[in-house]
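Subject: Handing over the structure

Dear colleague,

I am passing on the structure we spoke about, and I would be glad if you could open it beside this message. Below it I have set out, step by step, what was found.

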Amino acid sequence: MNLNPVALLLVALILLGVLSNNNSITISSAILLLMQQTFLAKYLPFMAKNGVNIGIIILTIGVLAPIVLGKVALPNLMDFLSWKMFLSIAIGMLVAWFAGRGVTLMTHRPLMVTGLLLGTILGVAFLRGIPVGPLIAAGILSLFIGKGL
């Protein structure tokens with residue numbers, strides 16, 4: 001019997017996702033396993049090439065939708081002059097920079113993705129974290145090991 005190590009990894013990620021109540025890992029791994037094992041495998045290169053960008057677009061829509069719906073008010077000019085707003089802008093810029101470095105690192109060192117996902121799952125399971133940070137985690141990791149090395 002020939003075991004597919006990637007399929008086994010995906011099954012393990014599904015189990016870890018279920019155990020840690022991490023729906024994004026569970027659903028993503030299940031979809032990839034389904035794609036790998038069916039005629040949908042021909043679309044995996046497309047997902048490998050465009051998946052991060054598609055995900056970022058969907059995430060950005062999710063963040064902007066409450067503003068568009070009027071559930072979050074736009075700040076007035078005076079709000080922009082507060083130290084808290086300056087700090088929030090600076091941190092937003094820093095996180096975006098981390099994410100940019102993270103995309104580069106994940107592109108050049110895809111093996112690191114497994115460790116980052118495992119760390120994310122463990123953070124959700126044991127530290128009550130929320131699984132939104134693999135790109136940011138990769139960006140921070142890139143500070144220690146190099147951007148694309």
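Before you look at the main hollow, it helps to know that a pocket here is an open set of grid points with protein on both sides within 12 Å along at least five of seven lines, and that a lining residue has an atom within 4 Å of a point. Please also keep in mind that this is a predicted model.

To begin with the overall picture, the protein has seven helices and zero strands, and its C-alpha atoms fill a box of roughly 70 × 40 × 30 Å along the principal axes. Of its 149 residues, 21% count as buried.

The largest pocket holds about 2,100 Å³ of space. It is lined by 41 residues, and those lying nearest its centre are L32, G51, V52, M106 and V113. The lining divides into 31 nonpolar residues, nine polar ones and one charged one. Helices α1, α2 (23-37), α3 (44-68), α5 (83-108), α6 and α7 (134-145) each supply at least two residues of this lining, and α3 gives the most, with twelve.

On the surface there is also a nonpolar patch, formed by L16, L19, L118, L122, F126 and L127, which together have about 660 Å² of accessible area. Both α1 (5-19) and α6 (111-127) supply at least two residues of the patch, although α6 gives the most, with four.

One residue of the patch may serve as a worked example: is L122 buried, partly exposed or exposed? This residue has its place in helix α6. Buried means under 20% relative accessible area and exposed means over 50%, with partly exposed in between; L122 therefore counts as partly exposed, because its relative accessibility is 39%.

With best wishes

Definitions and conventions:
Residues numbered from 1 in each chain as written. Predicted model: local features only at pLDDT ≥ 70, side-chain atom pairs only at ≥ 80, totals over all residues. Heavy atoms only, no water. Patch = residues over 30% accessible without salt bridge, like charges linked within 9 Å, V, L, I, M, F, W, Y side chains within 5 Å. Areas by Shrake-Rupley, 256 points an atom, 1.4 Å probe, with all protein chains shown as cover. Salt bridge = Lys/Arg side-chain N within 4 Å of Asp/Glu carboxyl O. Buried < 20%, exposed > 50% of the residue type's maximum accessible area, 1.4 Å probe, protein only. 1 Å grid on protein atoms, 1.4 Å probe; cavity = no way out; pocket = protein on both sides within 12 Å on 5 of 7 lines; lining within 4 Å. Points joined across faces, edges and corners; volume = space filled by probe spheres on them. Nonpolar A, V, L, I, M, F, W, Y, C, P; charged D, E, K, R; others polar.
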